Amino acid sequence: MSRMRKILVAYDGSPHSKEALNWAIDLSLLTQAKIVAVKVFEGNQLFMAAETGGTRFLEALEEMRREDARLMEEAATIGASRGVAVTGEVLQGNVAAEIIAFATKNNIDLIVTGTKGHGALAELLMGSVTRNLISLAHVPVLVVKD
């Protein structure tokens, strides 16, 4: 096995993603791998914002962007509290596809994810995102169960 240098953790602030982040931090403490927390801004969030109409749409969209930035800051703070630097990245599009593309482009060695996230259908899924990551990613995927 080659040395683990970069870990991507799917992070949306849900309890499942916080557990995944803690596992990534544990692994980083053992391997000195860098951690990047990734949040994907989903298309269905735009539809929810659009329902508000007009200028409220722009306000709702801006509020979603602020929340995503807050989540990345939260991940960094959790990492810092344990002595590990965690950088954050907010992407836009299909969650699994964007995570896989980011992992490929950035030479990620391991993807860490929870079983479910905050998505609209989260409670119905081993999340479909998690299933897609397991099936489609070209790097190992660690699924952290609650």
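This passage walks through the overall fold, two individual residues and one helix pair.

The structure is a predicted model. Its chain contains 5 helices and 5 strands. Followed along the sequence, these elements come in the order β-α-β-α-α-β-α-β-α-β, with a strand at either end of the pattern. The chain has 146 residues, and 40% of them count as buried. Its accessible surface amounts to about 8200 Å², and carbon and sulfur atoms account for 57% of that area. As for how the chain folds back on itself, take the contacts between residues at least 6 apart in sequence: 75% of these link residues at least 24 apart.

One example of two positions brought together across the sequence involves strand β3, which covers residues 86–92. Gln92 belongs to this strand. Along the chain, 52 residues separate Gln92 from Val40, yet their C-alpha atoms sit 5.2 Å from each other. With a relative accessibility of 45%, Gln92 is classed as partly exposed, because that value falls between the 20% limit for buried residues and the 50% limit for exposed ones.

Thr130 gives another view of the chain. This residue is part of helix α5, which spans residues 128–136. Its relative accessible area is 4%, and since buried means under 20%, Thr130 counts as buried. Leaving aside residues up to four places away in sequence, Thr130 is in touch with Thr113, Gly114, Thr115 and Val143.

Helix α5 also packs against helix α4, made up of residues 95–105. The axes of the two helices lie 9 Å apart and make an angle of about 40°. That angle makes α4 oblique to α5, because it is neither under 35 degrees, the limit for roughly parallel, nor within the 65 to 115 range for roughly perpendicular. The crossing of α4 past α5 is right-handed.

Which residues of α4 and α5 meet? On the α4 side they are Val95, Ala96, Ile99 and Ile100, while α5 brings Val129, Asn132, Leu133 and Leu136. Sorted by class, this contact holds 7 nonpolar residues and 1 polar residue, with no charged ones. The polar residue is Asn132, as Val, Ala, Ile and Leu all count as nonpolar.

Notes. Residues are numbered from 1 along each chain as its sequence is written. This is a predicted model: local features need pLDDT of at least 70, side-chain atom pairs count only at pLDDT 80 or more; totals for chains, interfaces and linings use all residues. Side-chain values use heavy atoms; hydrogens and water are left out. Helices (H or I, at least four residues) and strands (E, at least two) are DSSP runs, numbered from the N terminus. Buried means under 20% relative accessible area, exposed over 50%, partly exposed in between (1.4 Å probe, protein chains only). Contact means heavy atoms within 4.5 Å. Accessible areas come from the Shrake-Rupley method with a 1.4 Å probe; for residues, only the protein chains shown count as cover. Axes are lines fitted to C-alpha atoms, for helices over the stretch in contact, and angles run from 0 to 180 degrees between N-to-C directions. Angles under 35 degrees count as roughly parallel, over 145 as roughly antiparallel, 65 to 115 as roughly perpendicular and the rest as oblique. A crossing is left-handed if the near helix is turned anticlockwise from the far one by less than a right angle, and right-handed if clockwise.
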